[in-house]
Amino acid sequence: MQHSGYQEELKRSLTLGDLLIYGVIFMVPIAPFGIFGYVASSSKGLVPLVYLIGMTGMLFTALSYARLAEVFPVAGSVYSYAQRGINEHIGFFAGWLILLDYILIPPLLYLVSATALHTMLPIIPKVAWLIVFVLINTVINILGIEITAKTNKVIVAVEISVLLIFLLVGFTAVNVHINGAHFSLMPFIAKEEFDLSLLMNAASIAVLSFLGFDSISTLTEEVKGERTAAGKIVGKAIILTIPIIGSLFILQTWVASLIVPDYTSFQDLSGAFYEIAQIAGGNWLRGLCSVATALAWGIANALVAQAAISRILFSMARDRKLPAILALIHPKYKTPYVSTLLVAFITLVIMMAGIRIDDLASLINFGALSAFLILHVTVINHFIIRKKSRNYFNHLFLPIVGLLIIGYVWMSLGFLARELGFVWISIGLFYMIIMKLLGKKGFKSEDY
């Protein structure tokens, strides 16, 4: 780490397998359970096709992440990459945008999970579930990334088990023609329903399921081995995670679409998938899928989200872009505990403020997609312009394709998301100006 200008502070204990599990669980193998109805309504029933489009777009972005992780093997994700690949000002805004993504993800996950559990057990107040989720995840994250990794392995096993049960029951239901179901590729190729603009609008919703593969890059300084090897392992994990999770998304939404092909028949879009589970297997399957979704989002996904954002705060504070206290490392557990506690506090404030779930989701997508646009530009700037690379396929063609796909999805975001997103950018600009006026000097890309 000395070549990067940093001391070795975080504990290196993670393997490729740990990173894959971390990325997969961040994206939640059963993520479509919670938003299936919204995607179906927006795409006129072509849900698996939407997820195929989403997987393709995210794969190009994953390739750009991998390229940069290999040359900049430090924590901080797109913040660190843009900072070193372009300049410190663009890096700050990339970090500021990804902060919007990661800071809002835990509150969104907790709200969805608490709402689901409160519906099943109304005797327990929703706020009680929220507090329990925050406390559990904060303690686990402070105790160390090894504890987080071990917890992830247990939870991902439970999620995969529930998914396999649904698929088994679902395939059986289709095979015996429950609800008139039969095997077909119509959810992919229904020409009369095909509308690119509608599909991209639906993709702007479905992309929420894919957010999280980039969080793997925040753990670079905690991967076993020397820094260059760690960067390559991170890049490999990022690339592998997308097709793994994307295939699971496509398979489960295909089966669900076969069981209930009429997307207009759902009584409640937020519970559409659970209606399908009930048709396929009965109340027990509906209950199992509901509880699994609540626990997966409220514990598993939020756990890794909190770990990721705390490392981005740590990285930005270490570069003097945020208050230095956020860069403090716990002397025993070697984790950024102050940043972790701050994330927990902000999460509680946002949840208590009563912000709507759909508004949170829109802002999350604005932050992530905007940061991804900067990421692709960073690859082109660093390799083609700065390093004069002649590997035009990997360093120019692929990033441009990724830029176009992400840009198209970004344009499909709602007006409110973009309006509030630009407010966030304005706040970041004001903060950066204040930092300059105060004479705060941070990391320079030339230092790397």
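These exercises, each with a worked solution, concern a predicted model.

**Exercise 1. Surroundings of glutamine 306**

Find the helix that holds glutamine 306, decide whether the residue is buried or exposed, and identify the partners of its side chain.

Solution.
- Step 1: Place the residue. Glutamine 306 belongs to helix H12, which covers residues 283-318.
- Step 2: Judge the exposure. The relative accessible area of glutamine 306 is 2%. The cut-off for buried is under 20%, so glutamine 306 is buried.
- Step 3: Look for polar partners. One is the side chain of asparagine 141, with which the side chain of glutamine 306 makes a polar contact at 3.1 Å. In addition, a polar atom of the glutamine 306 side chain lies 3.4 Å from the backbone oxygen of threonine 340.
- Step 4: List the touching residues, leaving out those up to four places away in sequence. Glutamine 306 touches Pro106, Asn137, Thr138, Asn141, Thr340, Val343 and Ala344.
- Step 5: Follow some of these partners to their helix. Thr340, Val343 and Ala344 are among the buried residues of H13.

**Exercise 2. Span of two helices**

Compare the end-to-end distance of H2 and of H13 with what is expected at 1.5 Å a residue.

Solution.
- Step 1: Take H2, residues 32-43. This helix has 12 residues, and a straight helix would reach 16 Å. The end C-alpha atoms of H2 are only 14 Å apart, which falls short.
- Step 2: Take H13, residues 337-352. With 16 residues, H13 has an expected span of 22 Å. The distance from its first C-alpha to its last is 23 Å, close to that value.
- Step 3: Check what follows each helix. Just after H2, lysine 44 has a positive phi of about 60°. H13 is followed by glycine 354, with a positive phi near 80°.

**Exercise 3. Packing of H2 against H3**

State how many residues of H2 are buried, then describe how H2 and H3 cross and which residues make the contact.

Solution.
- Step 1: Count the buried residues. In H2, 10 of 12 residues are buried, so the helix is mostly covered. Among them are Phe33, Gly34, Gly37 and Ser42.
- Step 2: Read the geometry. The H2 and H3 axes come within 9 Å and cross at roughly 105°. Angles of 65 to 115 degrees count as roughly perpendicular, so H2 is roughly perpendicular to H3.
- Step 3: Name the residues. H2 contributes Pro32, Ile35, Phe36, Val39, Ala40 and Ser43, while H3 contributes Val47, Val50 and Tyr51.
- Step 4: Sort them. The contact has 8 nonpolar residues, 1 polar and no charged.

**Exercise 4. Three residues by exposure**

Classify serine 64, isoleucine 90 and glycine 282 as buried, partly exposed or exposed, and place each one in the chain.

Solution.
- Step 1: Serine 64 lies in helix H3, residues 47-71. Its relative accessibility is 2%, so serine 64 counts as buried. Leaving out residues up to four places away in sequence, serine 64 touches Leu375, His376, Val379 and Pro399.
- Step 2: Isoleucine 90 is in helix H5, residues 88-120. Its relative accessible area is 32%, so isoleucine 90 is partly exposed. With the same sequence neighbours left out, isoleucine 90 touches Ala82 and Ile374.
- Step 3: Glycine 282 is in the loop between helix H11 (272-281) and H12. Its relative accessible area is 19%, so glycine 282 is buried. The C-alpha atoms of glycine 282 and valine 169 are separated by 10.0 Å, although the two residues are 113 residues apart along the chain.

Key. Residues are numbered from 1 along each chain as its sequence is written. This is a predicted model: local features need pLDDT of at least 70, side-chain atom pairs count only at pLDDT 80 or more; totals for chains, interfaces and linings use all residues. Side-chain values use heavy atoms; hydrogens and water are left out. Helices (H or I, at least four residues) and strands (E, at least two) are DSSP runs, numbered from the N terminus. Buried means under 20% relative accessible area, exposed over 50%, partly exposed in between (1.4 Å probe, protein chains only). A polar contact is a pair of N or O atoms within 3.5 Å; within protein, one must be able to donate a hydrogen and the other to accept it, and residues adjacent in sequence count only if both atoms are side-chain atoms. Contact means heavy atoms within 4.5 Å. The expected span of a helix is 1.5 Å times one less than its number of residues. Axes are lines fitted to C-alpha atoms, for helices over the stretch in contact, and angles run from 0 to 180 degrees between N-to-C directions. Angles under 35 degrees count as roughly parallel, over 145 as roughly antiparallel, 65 to 115 as roughly perpendicular and the rest as oblique. Ala, Val, Leu, Ile, Met, Phe, Trp, Tyr, Cys and Pro count as nonpolar, Asp, Glu, Lys and Arg as charged, and the others, Gly among them, as polar.
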